[in-house]
Amino acid sequence: MAKKPSTRSMYRDGVGSLALIAGIVAVVCAFVPFIGDFIAIPAGVVAVACGWVGLNRAVDGTATNGREAMLGAALGGVALFVVFLVFAASYS
């Protein structure tokens with residue numbers, strides 16, 4: 001008796017997509033003066049971590065959105081760098 005093909009996709013693309021969304025949110029919030037820091041720092045960390053995991057999954061072949069994961073990690077890193085620059089300029 002033959003097995004039925006699975007209706008679910010075998011690719012695990014959720015982490016890469018989450019990295020891209022968190023990276024976009026982090027970059028946008030990094031330029032908001034007061035409350036942006038409270039959103040940009042956690043979103044940037046999530047974007048970098050999820051981008052790393054998503055890129056590893058893409059290299060292993062279990063995900064298809066390595067570009068999204070890489071872009072999300074880069075945007076998260078840029079957001080963290082912008083927050084650091086603003087912090088250093090404000091408190092030095």
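Is F34 buried or exposed? This is one of the things to look for in the close-ups below, all taken from a predicted model.

**View 1. F34 sits in the loop between helix 1 and helix 2.** F34 is exposed, with a relative accessible area of 72%. Try picking out G51 as well: F34 and G51 are 17 residues apart along the chain, and their C-alpha atoms are separated by 26 Å.

**View 2. Helix 1 runs from residue 14 to residue 30.** Count 17 residues here; at 1.5 Å a residue they should span 24 Å, and the end C-alpha atoms are indeed 24 Å apart, so the expected and modelled spans agree. Plenty of this helix is tucked away: V15, G16, A19, L20, A22, G23, A26, V27, C29 and A30 are its buried residues. As for what covers them, look for helix 2 (36–60) and helix 3 (66–90), which are included in that cover. When you trace the buried positions, keep in mind that an α-helix has 3.6 residues a turn, so residues three or four places apart point the same way.

**View 3. Nine residues make up the largest nonpolar core.** Its members are A26, V27, C29, A30, A40, A43, A79, V82 and V83. Helix 1, helix 2 and helix 3 each put in at least two of these residues. Helix 1 gives the largest share, with four residues.

**View 4. C29 and C50 are not joined by a disulfide.** Start with C29, which counts as buried because its relative accessibility is 15%. Setting aside residues up to four places away in sequence, C29 touches G36, D37, I39 and A40. Now find C50, which also counts as buried, at 16% relative accessibility. Why is there no bond from C29 to another cysteine? The closest cysteine sulfur to that of C29 belongs to C50 and is 16 Å away, which is too far for a bond. In fact, the whole structure holds zero disulfides.

**View 5. R57, in helix 2, is a buried charge without a salt bridge.** R57 counts as buried because its relative accessible area is 18%, under the 20% cut-off. Which side chain of opposite charge is nearest to R57? That would be D60, but it is 7.4 Å away, and R57 has no salt bridge. Look instead at what R57 does touch: once neighbours within four places in sequence are left aside, its contacts are R12, V15, T62 and A63. One of these, V15, is also among the buried residues of helix 1. For a sense of scale, step along to G72, which is 15 residues from R57 in sequence and 14 Å from it in space, C-alpha to C-alpha.

**View 6. N65 is found in the loop between helix 2 and helix 3.** Unlike the exposed loop residue F34, N65 is buried, with a relative accessible area of 8%. What does N65 contact, leaving aside its neighbours within four places in sequence? Its partners are D13, G16 and S17. G16 has turned up already, as one of the buried residues of helix 1.

How values were computed: Residues numbered from 1 in each chain as written. Predicted model: local features only at pLDDT ≥ 70, side-chain atom pairs only at ≥ 80, totals over all residues. Heavy atoms only, no water. Helix = DSSP H or I, 4+ residues; strand = E, 2+ residues; numbered from the N terminus. Expected span 1.5 Å × (residues − 1). Buried < 20%, exposed > 50% of the residue type's maximum accessible area, 1.4 Å probe, protein only. Contact = heavy atoms within 4.5 Å. Core = buried A, V, L, I, M, F, W, Y, C linked by side-chain atoms within 4.5 Å. Lys, Arg positive; Asp, Glu negative; His and termini not counted. Salt bridge = Lys/Arg side-chain N within 4 Å of Asp/Glu carboxyl O. Disulfide = S-S within 2.5 Å.
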